[in-house]
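Visitor: I would like to learn how to read a two-chain model, feature by feature. Could you take me through this one?

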Amino acid sequence: MKASAVERVIAGLKRAGVSVVCYLPDSLFKELYPALDADPDIRTIRVTNEGEGAAICGGVFLSGKRAALVMENSGLRASVEPLARMGLGAGIPVVMLMSYRGELGENNWWAIPHGITMEPVLDALRVPYRVVRQEEEIERAIVDAYAWSYSSYYHSAVALGGSIVR
Amino acid sequence: MKRYDCMKALAARLSDELVILSLGGSVDEWYNAAPHMRAASLFQQQLGCVTPEAFGLAVGLPHRRIVSLDTDGGLLFNLGILATLGNEQPKNLFVVVWDNESYQSIGGPPTHTASGRVDLAAIARGAGVEKAFTATTLDDFDAHCAAGLAAEEPYIVVAKVSGGVQPGIKRKHSDGREDKYIFVRHVEETEGIVIMGPSEHN
């Protein structure tokens, strides 16, 4: 991930009012995590699995602060249970930013499941999302996701793919 | 030791705190044992989410004491949160684990703690939460509540309680969505903040 893309992600999170980020690190966002850790306006929380991160983000929502769950798209599968319960059962939203592993161009066999399952899992949960492959669209996509989630009180997602992460 | 008696002891110590609690019989018991805390309690119906949500709330409101009422089944669903608490060391989070050694809400099949080998407090200490204890008497539990509500580090008490739900208690009628609105409006009012505000246009 280029430094300029990392900057656009952090600018988008700040414009959306995010002050807490939960993450489980992955390789495509490798450069993003230390930048988030180093940012004085963002508290990062490392989690043991993405479902735990989703639940922590839900708790942050209840405090009035804004949180983001940052992860590889495989983490979506680990998050399905808390997302379904919090989102559909209580109306507690989580905004997710995920790297798009397994899309066309993927050259790791183990990442193919992530590409095949990401969009159907988002659709199964009725989570609207935007796949962003142009750096100049990152910031707007993140801001739009928060606007939507704080109107619907439901989850939304931004997946970064293409040359942004490769 | 009966869970309902423990709840009444804990409730007597609470006023300004915020509570997140787990599923099953404990929901209706807490609704009755702590009537003054109803709006300040978020009743959740999910395994594995209660303590993580309480931790998120504690991160967002560092000046406020947060209480998580979790269960053996709920904590076993996501033991990783103990390692996260061990590393993050929140100063305002008190976790109670109602350990009745069973999945009571579906009739009582045993959880892993029923074997006698699995010690949740020892797991918590191993995960870096040094103040993690097991209580087997009401006096012991009450003393841990006093200490846990005043602690400047994460504090966990695993309360070994008998199975069964307090008879004759009033059932809560609201669902998860209504519970969330009640809780959020309470947090807004007591914190003087807006969490779910008006839309741009009417």
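Visitor: How many residues of chain A are in contact with chain B?

Guide: Contact here means heavy atoms within 4.5 Å. By that rule, 30 residues of chain A are in contact with 32 residues of chain B. Please keep in mind that this is a predicted model, in which local features need pLDDT of at least 70 and side-chain atom pairs count only at pLDDT 80 or more, while totals for chains, interfaces and linings use all residues. Residues are numbered from 1 along each chain as its sequence is written, chains are lettered from A and ligands numbered from 1 in the order in which they are written, and side-chain values use heavy atoms, with hydrogens and water left out.

Visitor: What area is buried between chain A and chain B?

Guide: The size of an interface is often given as the accessible area lost when the parts come together. Buried area is the accessible area (1.4 Å probe) that two parts lose on being put together, summed over both. Between chain A and chain B this comes to about 2,300 Å², with carbon and sulfur atoms giving 60%. On the chain A side, A:Leu62, A:Ser63 and A:Tyr153 supply 24% of the area buried against chain B, more than any other three residues.

Visitor: Which side chains meet in a salt bridge across the interface?

Guide: Side chains of opposite charge can pair when their charged atoms come close. The rule asks for a side-chain nitrogen of Lys or Arg within 4 Å of a carboxyl oxygen of Asp or Glu. It finds one salt bridge across this interface: the side chains of A:Arg43 and B:Glu88 meet at 2.7 Å, N to O.

Visitor: Which elements give two or more residues to the side of chain A that touches chain B?

Guide: Helices (H or I, at least four residues) and strands (E, at least two) are DSSP runs, numbered from the N terminus. Strand S2 (43–46), helix H3 (50–62) and helix H4 (74–90) of chain A each give two or more residues to that side. H4(A) provides the largest share, eight residues.

Visitor: How is the sheet of chain A ordered?

Guide: Two strands pair if DSSP finds at least two bridges between them. In chain A, six strands make an open sheet with parallel pairing, in the order S2-S1-S3-S4-S6-S5. S2 and strand S5 (129–132) of chain A stand at the edges with a single partner strand each, so one side of each is left without a neighbour in the sheet. Further in, strand S4 (residues 95–99) and strand S6 (residues 156–160) of chain A pair in the parallel sense over five bridges, and A:Leu97 has A:Val158 as its bridge partner in S6(A).

Visitor: Which strands does helix H1 of chain A touch?

Guide: For directions, axes are lines fitted to C-alpha atoms, for helices over the stretch in contact, and angles run from 0 to 180 degrees between N-to-C directions. Helix H1 (residues 3–15) of chain A packs on the sheet and touches strand S1 (18–23), strand S3 (66–72), S4 and S6 of chain A, with its direction at about 125° to that of S1(A).

Visitor: What is the order of the strands in chain B?

Guide: Chain B has an open sheet of six strands in the order S2-S1-S3-S4-S6-S5, with parallel pairing. Strand S4 (residues 93–99) and strand S6 (residues 155–160) of chain B run parallel and are joined by six bridges. Helix H1 (residues 3–11) of chain B lies across strand S3 (66–71) and S4 of chain B, at about 165° to S4(B).
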